Amino acid sequence: MNILVMKDYTEMSRQAALFIAASVTLKPDTVIGLPTGKTPVGMYNELVMLYKNGFVDFGRVTAFNLDEYVGLGREDPHSFYSYMQRHLFGYINIPPKNIHIPNGKAKDLKAECLRYEEIIRQKGPIDLMILGIGHNGHIGFNEPSSEFIPETHIENLTERTRKANARYFGSLQDIPRKAITMGLGTIMLSKKIILLAYGRDKADVILRTIKGNITPRFPASILRVHRDCTFILDQEAAGKIRDML
Ligand code: F6R
């Protein structure tokens, strides 16, 4: 596992965007996995700037988002589909047909999970997966569990995760209780993984990911057995692993 510690959030975001731009330049038909949340916002801004300045072309890229809330449609401003339009897809030249995000409003959610997994299988494996990390060690919306769930599935969100995302919704009640998430097996099949974290509140989870037991009770710990995984952190998120670097 490689660990890059950057000066601050801006540098972390820039470094991650440069990784993506380099991958897309080297392999124009890159298949990329993408997260939502507050962590990647700066990276998406940097990518939009790189695109607008002519440094990267997304015309042949395929994107798979990690997750979507159950019950929210594309048009819902709180959906991850809307988030991705607002922060990235609305400003770059990725063809709409190459954008894949689970349908949170599917009538048959199990069938939707199978459909999503099948398209990833057809277009994949994912070349470059970008991840954030939750305070309980979740990646995608793979919450702590008694087992690592390999494929796309429905996850019950923990109260902690719902509260962490409360800032985007009017009240806790409005936050969906379930999400469709890519599974850990599919994430681990990605050729390269980059995990981003910033801020003091992520220092403990980064320490536990790197040093704790590998267990489904702390899903991000599985990244330790990936062949090509890089963490890009700011100084604060790296605050508890300094002696290991
Ligand atoms: C969302 C996702 C989650 C987030 C994680 C961190 O698509 O995959 O695993 O990356 O909850 O969220 P932030 O960045 O808001 O701290």
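The following paragraphs describe aromatic pairing, a helix–helix contact and the buried face of a helix in a predicted model.

A search of the whole structure identified eight aromatic pairs. In one of them, formed by Tyr-51 and Phe-58, the ring centres are separated by 6.3 Å and the planes meet at 55 degrees, so the arrangement is tilted. The two partners differ in burial class: Tyr-51 is partly exposed, with a relative accessibility of 25%, whereas Phe-58 is buried at 4%. The assignment follows from the cut-off, because buried denotes a relative accessible area under 20%.

A tilted geometry is also found for Tyr-69 and Phe-141, whose ring centres lie 5.9 Å apart with an angle of 40 degrees between the planes. Tyr-69 belongs to strand β4 (residues 67-69), while Phe-141 is located in the loop between β6 (128-131) and β7 (153-156); the pair therefore ties together parts of the chain that are 72 residues apart in sequence. Both residues are classed as buried, Tyr-69 with a relative accessible area of 1% and Phe-141 with one of 5%. Tyr-69 and Phe-141 are further members of a cluster, linked by ring pairs, that also contains Phe-80 and Phe-169.

Helix packing was examined for α2 (residues 41-52) and α3 (residues 80-87), whose axes are 9 Å apart and inclined at about 45 degrees. The two helices are therefore oblique to each other, since angles under 35 degrees would count as roughly parallel and those of 65 to 115 degrees as roughly perpendicular. On the α2 side the contact is formed by Val-41, Tyr-44 and Val-48, and on the α3 side by Tyr-83, Met-84 and His-87. By class, five of these contact residues are nonpolar and one is polar, with no charged residue present.

In helix α7 (residues 203-211), the buried positions include Ala-203, Val-205, Ile-206, Thr-209 and Ile-210. Viewed down the helix axis, the buried residues of α7 are confined to an arc of 165 degrees and so line one face of the helix. Such spacing can be related to helical geometry: with 3.6 residues a turn in an α-helix, residues three or four places apart point the same way. The buried residues of α7 pack against three strands, namely β1 (2-6), β9 (192-197) and β10 (229-234).

Note on methods. Residues numbered from 1 in each chain as written. Predicted model: local features only at pLDDT ≥ 70, side-chain atom pairs only at ≥ 80, totals over all residues. Heavy atoms only, no water. Phe/Tyr/Trp six-rings, centres within 6.5 Å; stacked < 30°, edge-to-face > 60°. Buried < 20%, exposed > 50% of the residue type's maximum accessible area, 1.4 Å probe, protein only. Helix = DSSP H or I, 4+ residues; strand = E, 2+ residues; numbered from the N terminus. Axes fitted to C-alpha atoms, helices over the stretch in contact; angles between N-to-C directions. Parallel < 35°, antiparallel > 145°, perpendicular 65-115°, else oblique. Contact = heavy atoms within 4.5 Å. Nonpolar A, V, L, I, M, F, W, Y, C, P; charged D, E, K, R; others polar. Arc of directions from axis to C-beta.
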